[in-house]
Amino acid sequence: MPSVRNKFRPGDFSLRVAKSATGRGLYTDTAIPKGACIIEYKGRPCTEKEQYENKGKYLFWTSDTTMIDGNIPGNIAKFINHACKPNCEIDIHKRRIYIFAKRAIRAGEELNFDYDTEYFEMHIRPIGCKCASCVKKKYTYTVASTATAFLLRLCKAIMKRLSLHPSGSFALDLLVFE
Ligand SMILES: [Zn+2]
């Protein structure tokens, strides 16, 4: 086990900001082993007023009573996007925020972590989550509903062809589910 001091020391990984599904994201050009400390999420301390208003997109609680604003030059960790099934996670140590590899990360992968619920509800849910697992879910749902609609049309066409006149939904239900 590494000592606590070493645990919270970011490794020497080659990270880069590049275009992503949601604008910009942070990518790694080197493979990162599971559990590695990747980068510190730096920021400037927020004033009480800023904490109370809790408005910025890059705000982060560092304790029950302290908050930082990560929207400063040099904090490339602010480009890390949200994902519902992320490859990174955060850990707070002495009121400083660090990003860790939740699993082994391949070179070329975009880094992401699960933003807290408060942030998700405020900034992501209103526009819809664009993380890989949500996009996939949405796609699967679209394909499934398109297939269902097609089957319904097919059933109706067959019934018409056979000159069946369903008096109600009962006949249609039988055709769909049998
Ligand atoms: Zn998502």
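The following dialogue asks how some descriptions of this predicted model are reached.

Visitor: What should be known about the numbering and the model?
Guide: Residues are numbered from 1 along each chain as its sequence is written. The model is predicted, so that local features need pLDDT of at least 70 and side-chain atom pairs count only at pLDDT 80 or more, while totals for chains, interfaces and linings use all residues.

Visitor: Why is Thr22 called partly exposed?
Guide: A residue is buried if 20 or more other C-beta atoms, placed from the backbone, lie within 10 Å of its own, exposed if 12 or fewer, and partly exposed in between; Thr22 has 15 such atoms within 10 Å, and is therefore partly exposed. Thr22 sits in the loop between strand E1 (15-20) and strand E2 (23-28), strands being DSSP E runs of at least two residues and helices H or I runs of at least four, numbered from the N terminus.

Visitor: Which residues does Thr22 touch, not counting residues up to four places away in sequence?
Guide: They are Asn81 and Lys130, where contact requires C-beta atoms, placed from the backbone, within 7 Å. The C-alpha atoms of Thr22 and Lys130 are separated by 6.9 Å, although the two residues are 108 residues apart along the chain.

Visitor: How do you know that the span of helix H4 (residues 132-161) agrees with its number of residues?
Guide: The expected span is 1.5 Å times one less than the number of residues; for the 30 residues of H4 this gives 44 Å, and the end C-alpha atoms are 43 Å apart, which agrees.

Visitor: What makes H4 lie largely in the open?
Guide: The number buried among the 30 residues of H4 is zero, so H4 lies largely in the open.

Methods
Two residues are in contact if their C-beta atoms, placed from the backbone, lie within 7 Å.
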